[in-house]
Amino acid sequence: MTHSLSTFFTPADAVTHQYMLVDGSRVHCAVMGDGPPVLLIPGWPQTWFTWRHIMKSLAQAGYTAIAVDPPGTGDSGRPAHGYDTGAVASVLHRLMGQLGHTAYHVVGHDIGMWVAYALASDFPDAVRRLVLTEAVIPGLAPAPPVFVPPEDNIFLWHFMFNQVQDLPEALIAGRECAYLSFIFDKWSHRRDRVAADVYIDAYSAPGALRSGFAYYRAIPETIRQNQTRSKARLRMPVLAIGTEHATRDAPLITMRDNAADLTGVIIPDCGHFVTEECHEAFSEHLLAFLQRDG
């Protein structure tokens with residue numbers, strides 16, 4: 001199945017694209033709806049487009065959905081440095097300020113979950129509610145072991161490979177389709193629902209591989225930061241979502257000692273790319289959480 005950015009949204013959806021300069025670098029976001037703002041942060045190797053279904057659900061429920069391309073990804077600029085989660089969280093917080101939002105909800109998937117946690121920890125007065133899905137967080141969760149069964153290693157091998165300097169780019173440049181198709185094939189359960197062609201195209205652009213891997217190469221600094229952040233629990237309500245065929249209860253376990261008001265959910269019959277594979281269930285849990293009293 002081929003997915004097109006231009007044909008997925010109808011005029012009635014009223015999605016707009018905005019480009020802001022933060023630290024002299026362009027940051028792109030797609031915006032839909034009118035109401036309380038919800039910042040949506042994608043993971044690797046995806047872009048804002050992974051939130052397309054969730055944006056519609058949020059807009060229909062009376063929220064403003066703001067799906068961002070984090071620095072280095074999609075249509076955002078590719079700065080040479082600043083890919084640790086503290087730096088990225090600061091950029092996204094200032095982006096929200098430029099959009100006119102001083103307080104907002106945050107939803108993060110995969111590496112976007114790392115950034116969302118940093119944002120909530122570093123700017124607790126701005127983040128009203130936090131939703132984290134399909135990852136563990138470096139510095140909060142134990143480092144994964146090297147010697148694991150193949151069915152577990154399929155979700156782990158890239159953490160070390162992507163951190164190696166220069167070699168991944170040398171091996172993958174010109175072969176982005178083969179590399180990323182392997183990721184999407186192995187990590188998804190409902191593969192036909194994932195817009196892999198959109199993301200392969202995005203990560204085939206000049207500099208995209210380097211900036212995507214930069215998030216992994218910044219893991220030591222992110223761990224250092226998170227060891228400090230973990231000294232204080234998050235006070236805002238937190239929802240941790242895993243899926244049956246990927247992280248299961250790992251997001252909940254990761255946050256168990258790091259959030260004072262924590263709820264956990266596992267979505268059945270779903271793989272890693274939950275915002276696309278099982279967007280109906282994800283939207284249901286997300287909206288119930290945002291609308292919960294308290």
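**Exercise 1.** Which element gives the largest share of the lining of the largest cavity?

*Solution.* Before we start, keep in mind that this is a predicted model.

Step 1: Find the cavity. The structure holds one cavity of 30 Å³ or more, and the volume of the largest cavity is about 80 Å³.

Step 2: Look up who lines the largest cavity. Among the lining residues are I111, G112 and V115, along with W44, Y203, G212 and Y215.

Step 3: Sort by element. Two elements, α4 (111-122) and α10 (208-217), each give two or more residues to this lining. The winner is α4, with three residues.

**Exercise 2.** Work out how the lining of the largest cavity divides into nonpolar, polar and charged residues.

*Solution.* Step 1: Pick some examples from the lining, including P42, G43, Q46, P70 and T73.

Step 2: Put each lining residue in its class. You end up with seven nonpolar and five polar residues, and no charged ones.

**Exercise 3.** Now turn to the largest pocket and describe its centre, its elements and its residue classes.

*Solution.* Step 1: Get the volume, which is about 1000 Å³ for the largest pocket.

Step 2: Go to the centre. The pocket is lined by 38 residues, and V136, P144, F155, L156 and F159 are the closest to its centre.

Step 3: List the elements that give two or more residues to the pocket lining: α4, α5 (150-153), α6 (157-161), α11 (219-229) and α12 (250-255). Here α6 gives the most, with four residues.

Step 4: Split the pocket lining by class. That gives 25 nonpolar, seven polar and six charged residues.

How values were computed:
Residues are numbered from 1 along each chain as its sequence is written. This is a predicted model: local features need pLDDT of at least 70, side-chain atom pairs count only at pLDDT 80 or more; totals for chains, interfaces and linings use all residues. Side-chain values use heavy atoms; hydrogens and water are left out. On a 1 Å grid over the protein atoms alone, a cavity is a set of points where a 1.4 Å probe fits but cannot get out, and a pocket is an open set with protein on both sides within 12 Å along at least five of seven lines; lining residues have an atom within 4 Å of a point. Grid points are joined across faces, edges and corners, and a volume is the space filled by probe spheres set on the points. Ala, Val, Leu, Ile, Met, Phe, Trp, Tyr, Cys and Pro count as nonpolar, Asp, Glu, Lys and Arg as charged, and the others, Gly among them, as polar.
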